[in-house]
Amino acid sequence: MTEMKNFLLGFPYNLGDDCSEKHFQSIIYATLYAIGMNVNAEIAVAQGRLDMSVCFPQSIFIFEFKLDKSAQEALDQINEKNYAAAFATDQRKIIKIGANFSTQTRTLTEWVVEK
């Protein structure tokens with residue numbers, strides 16, 4: 001997450017004038033996909049759509065992103081909407097990450113991790 005924060009700090013401001021949550025999510029998705037990660041976005045589940053998952057042989061990372069809110073609010077949404085249930089039959093370890101982007105700093109401002 002720190003590397004992604006630093007990457008976003010170097011991203012040219014004029015390439016993303018809308019500065020929306022989807023803008024940042026798209027950058028992260030494209031970056032992870034380009035380096036060969038097993039990444040999925042906007043995964044429809046029973047109670048909504050989780051923003052992103054990244055699957056590894058031993059673990060699955062579930063991401064929820066917010067814009068100008070709090071990382072805890074994002075993590076709370078993962079838990080309240082039970083996004084992890086989409087992976088209930090999978091034996092891999094689930095790691096939940098709530099993250100917030102700032103329109104002012106144009107990068108990640110905070111994240112919380114729940115294992």
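Visitor: Which residues does Phe 63 touch, not counting residues up to four places away in sequence?

Guide: Met 1, Leu 50, Asp 51, Met 52, Val 54, Ile 78 and Ile 97. Bear in mind that this is a predicted model.

Visitor: Where does Phe 63 lie?

Guide: In strand β3, residues 59-67.

Visitor: Buried or exposed?

Guide: Phe 63 is buried. Its relative accessible area is 8%, and buried means under 20%.

Visitor: How far is Phe 63 from Asn 40 in space?

Guide: The two are 10 Å apart, C-alpha to C-alpha. In sequence, 23 residues separate them.

Visitor: Zoom out. What order do the strands take in the sheet?

Guide: β1-β2-β3-β4-β5. Those five strands form an open sheet with mixed pairing.

Visitor: Which strands stand at the edges?

Guide: β1 (38-45) and β5. Each has a single partner strand, so one side of each is left without a neighbour in the sheet.

Visitor: By how much are neighbouring strands turned against each other?

Guide: By 30° on average, ignoring direction.

Visitor: Walk me through the pairs. How many bridges join β1 to β2?

Guide: Seven, and the two strands run antiparallel. They form a hairpin with two residues between them. Val 45 has Gly 48 in β2 as its bridge partner.

Visitor: How covered is β2?

Guide: Mostly covered. Strand β2 spans residues 48-55, and six of its eight residues are buried.

Visitor: And β2 with β3: parallel or antiparallel?

Guide: Antiparallel, over four bridges. This is a hairpin too, with three residues between β2 and β3. Val 54 stands opposite Phe 61 in β3. Val 54 also touches Phe 63.

Visitor: In what sense do β3 and β4 pair?

Guide: In the parallel sense, over nine bridges. Here Phe 61 stands opposite Ile 95 in β4.

Visitor: What packs on the sheet there?

Guide: Helix α3 does, touching β3, β4 and β5. The direction of α3 makes about 140° with that of β4.

Visitor: Which residues of α3 are buried?

Guide: Ala 71, Ala 74, Leu 75, Gln 77 and Ile 78, in a helix that covers residues 71-80. Seen down the axis of α3, they fall within an arc of 155°, so they line one face of the helix.

Visitor: What do those buried residues pack against?

Guide: Against β3, β4 (93-102) and β5 (107-114). One of them, Ile 78, is among the contacts of Phe 63.

Visitor: What comes just after α3?

Guide: Asn 82, with a positive phi of about 50°.

Visitor: Back to the sheet. How many bridges join β4 to β5?

Guide: Seven, with the strands antiparallel. Lys 96 has Glu 114 in β5 as its bridge partner.

Visitor: What about the hairpin of β4 and β5?

Guide: Four residues sit between the strands. Arg 106 takes a positive phi near 60° in this hairpin, although Arg 106 is not a glycine.

Visitor: How accessible is Arg 106?

Guide: Partly exposed, at a relative accessible area of 23%.

Visitor: Which phi does Asp 68 have?

Guide: A positive one, about 55°, and Asp 68 is not a glycine either. Its place is in the loop between β3 and α3.

Visitor: Why does Asp 68 count as partly exposed?

Guide: Because its relative accessibility is 44%, and partly exposed covers the range between under 20% and over 50%.

Visitor: New topic, pockets. How much space lies in the largest pocket?

Guide: About 250 Å³.

Visitor: Which lining residues are the closest to its centre?

Guide: Met 1, Met 4, Ile 28, Leu 32 and Phe 63, out of 14 that line the largest pocket. So Phe 63 turns up again here. Met 1 is also one of the residues that Phe 63 touches.

Visitor: Which elements give two or more residues to that lining?

Guide: α1 (2-9), α2 (21-34) and β3.

Key
Residues numbered from 1 in each chain as written. Predicted model: local features only at pLDDT ≥ 70, side-chain atom pairs only at ≥ 80, totals over all residues. Heavy atoms only, no water. Buried < 20%, exposed > 50% of the residue type's maximum accessible area, 1.4 Å probe, protein only. Contact = heavy atoms within 4.5 Å. Arc of directions from axis to C-beta. Pairing = 2+ DSSP bridges. Axes fitted to C-alpha atoms, helices over the stretch in contact; angles between N-to-C directions. 1 Å grid on protein atoms, 1.4 Å probe; cavity = no way out; pocket = protein on both sides within 12 Å on 5 of 7 lines; lining within 4 Å. Points joined across faces, edges and corners; volume = space filled by probe spheres on them.
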